[in-house]
Amino acid sequence: MAATSTLLCEEDLFCPQCSDIYCLPVLLKCGHNICRVCLQKFWEWKGSRECPVCRSVSVLTRPPINLALKLAADEYQLQSSSNDEEVCLLHKKTLTMFCQNDEEPICLVCQTSTQHKVHECCPVEEAAQQKRTEVSTMLESLKKKLKILNKKEEHWRETKTYIQTQANQNENVIKEEFQKLHTFLWEEEKTRLMVLRQEEEIKTQVMHKKLDHIKNQIRTLSSTITDIETALRAKDLPFLQEYKVTKKRIKCDIREPECIRDILINSAKHLGSLKFGVWKRMAKIVNCVPITLDPNTAHSNLELSQEFTCVKYCRRQLLPDNPERCTSRLSVMGATGFTSGKHSWTVEVGQSKDWYIGVVRESVQRKSTVFLNPAEGFWVIGLSNGDTFSAQTTVCTKLVLKQKPERIRVELDCDKGKVVFTNTADMTTIYMFKDKFTERIFPYISPGLSEEGNISCPLTICPLTITVNGM
C-alpha cells in the first residue's frame, strides 16, 4: 500500500468535488474517486446516482472505499501538516503574496479572487522585511515603556520605603513631644502637690500649737476646779481661812478660745479650674503659628524644623520626586491652602541675603523653571544679592525701602484678591498685589544661598502670642 501511495501524484490526492485531501475516498464504477461524504451530498442534491465528474450513472450498491488512496491521502496529510501555514487552506497553493489590507499571507489564486482583487498586495519577502521593520519599531516602543515601568516601579519602591521612614520619624517626634508634655504635667502635678503639702504642714502646725495651748488651759482649769471643790467641802473655819486664796484662784484670767479663720485647706485654690490653670501655664511652653510648611513640597536641598515652621538650605537629601514636590526652585509651600477669607502670617527673614516670600496658586508649575510673576501663579517679593528688593511682577518692579526689614507680614485677602507685604518694624507697606484668585492659594517661601555658597540664614514663620483668658 505504501508503494501504491508513492506512485500517485499530489493532484491525485485531492477530491474533485470539495478540492480537499481525500477523506474516506470511494471508488466509482467509472473509475473516479470521491469523498464518501461529498458523494452522498451530491447524490442527495442531484436525486440520482451520477458521478460528479463524468455524470455516468453508478451502480445501486454502496461504492467501496479505495483503501490505497485513503492511506496515501492520510500519509500526505501527515507529511504536509507541518507545512499547513505555508499553503493556502482554500486553494492549496503556496502562500507567496501578502495582502496589506487584511494583513495576511495569500496565494496567487487568492490575489485574483473577488475578496483580494482590489486590495494592495506585495510579495511575501518584501512584506516580511517591511513588517519586520514595523514590528521592530513597535518593539522599541514596548521596550521604552518597559523601561519607564521599571523606573516607575523602582521609584514607587523607594516611595514605599520613604513612607515607612516618614511614619517612623513622625512617630518618634510625636512620642518626643508628648514626652515633653508628660514631663510638664508631671512637674506641674509635683509642684501643685508640694504646695498642697506645704499648706497642710503649716496649718497642721498651727492647729498643733493651738491644741497644746488649749490642753494646758484645760489642765490648769481642771486643777483649779478640783481644789475649789475640795475647799468647799472643808469645815467653816478652815474654809474661811483659805477664802481669800480660793477667791483669787476663781478669778483666774482664762480667755474664751479664739475663732480660727482660714485654717482649712484652700480646696478652691487647689482644685478650682484645675485643668484651665494647667492649660494656661502650658500656653507658656507651646508655640502657635498661623501656618505650617508642607515637607512633601520642599525641595530636596531644604531642611525644615521639627514642627515645620523654619526652613533653610542644606545638603541634598534623598527624597521621592512626588508630584507635589518643588524641584525647579529652592522653595517650599504651606501645608494649608485658602480659597476665601483673610489670612496673615509673619516671616522672619533676618539677615538673609537671598529670599522670596509670598503666595502661589495650587496649580503652579513645580517641576519646570518658571518666571515668578502673577501670570505663572506667583505673587511674591524678594531680596537678591543682599541689597536689591523687588516685587516679581510681569516686568520686575524694583522696591526702594527706607529700612531693611527683618520681619515681613504677609496679608492675603482671597475675596478682594489682595496680597499685602508689610515691614513689621514700622508697619509700612512694602508692596501690594491686586489680582483675581480662581483656585486655592498657598503660602510660598524660598530661602537662598549666600554669595560665598554657605548656608543662608533660615526663614522662620513667627509664632502668635497666645493669651488664655478665663470666662
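A disulfide here is a pair of cysteine sulfur atoms within 2.5 Å. Keep that cut-off at hand for the opening exercise, and remember that you are working with a predicted model.

**Exercise 1. Cysteines**

Task: Find how many disulfides the structure holds, and work out why Cys310 and Cys457 are not in one.

Solution:
- Step 1. Start with the count: the structure holds zero disulfides.
- Step 2. Take Cys310 and look for the closest cysteine sulfur. That sulfur belongs to Cys462 and is 10 Å away, too far for a bond.
- Step 3. Do the same for Cys457. Its closest cysteine sulfur is in Cys310, again at 10 Å and too far for a bond.
- Step 4. Now check the surroundings. Cys310 is buried, because its relative accessibility is 18% and the limit for buried is under 20%. Cys457, at 33%, counts as partly exposed.

**Exercise 2. A sheet and the helix across it**

Task: Work out the strand order of the open sheet that contains β3, β4 and β5, and say which helix lies across β3 and β5.

Solution:
- Step 1. Write down the order, which is β4-β3-β5, with antiparallel pairing.
- Step 2. Mark the edges: β4 (104–106) and β5 (121–123) each pair on one side only. On average, neighbouring strands of this sheet are turned by 35° against each other, direction ignored.
- Step 3. Look at one pairing. Three bridges join β3 (residues 97–99) to β5 in the antiparallel sense, and Phe98 has Cys122 of β5 as its bridge partner.
- Step 4. Add the helix. Lying across β3 and β5 is α5 (residues 124–232), which runs at about 100° to β5.

**Exercise 3. The largest pocket**

Task: Describe the largest pocket and find which element gives the largest share of its lining.

Solution:
- Step 1. Give its volume, about 530 Å³.
- Step 2. Go to the lining of 19 residues; nearest the centre lie Tyr162, Gln169, Pro295, Leu304 and Phe308.
- Step 3. Sort by element: α5 and β6 (302–304) are those that give two or more residues.
- Step 4. Pick the main contributor. Helix α5 supplies six residues, the largest share.

**Exercise 4. A hairpin**

Task: Describe the pairing of β15 with β16, and find the residue with a positive phi in their hairpin.

Solution:
- Step 1. Six bridges link β15 (residues 418–423) and β16 (residues 428–434), in the antiparallel sense.
- Step 2. Use a pair as a landmark: Thr422 stands opposite Thr429 in β16.
- Step 3. Inspect the turn. Four residues lie between the strands, and in this hairpin Met427 takes a positive phi near 60°.

Conventions: Residues numbered from 1 in each chain as written. Predicted model: local features only at pLDDT ≥ 70, side-chain atom pairs only at ≥ 80, totals over all residues. Heavy atoms only, no water. Pairing = 2+ DSSP bridges. Axes fitted to C-alpha atoms, helices over the stretch in contact; angles between N-to-C directions. Contact = heavy atoms within 4.5 Å. Buried < 20%, exposed > 50% of the residue type's maximum accessible area, 1.4 Å probe, protein only. 1 Å grid on protein atoms, 1.4 Å probe; cavity = no way out; pocket = protein on both sides within 12 Å on 5 of 7 lines; lining within 4 Å. Points joined across faces, edges and corners; volume = space filled by probe spheres on them.
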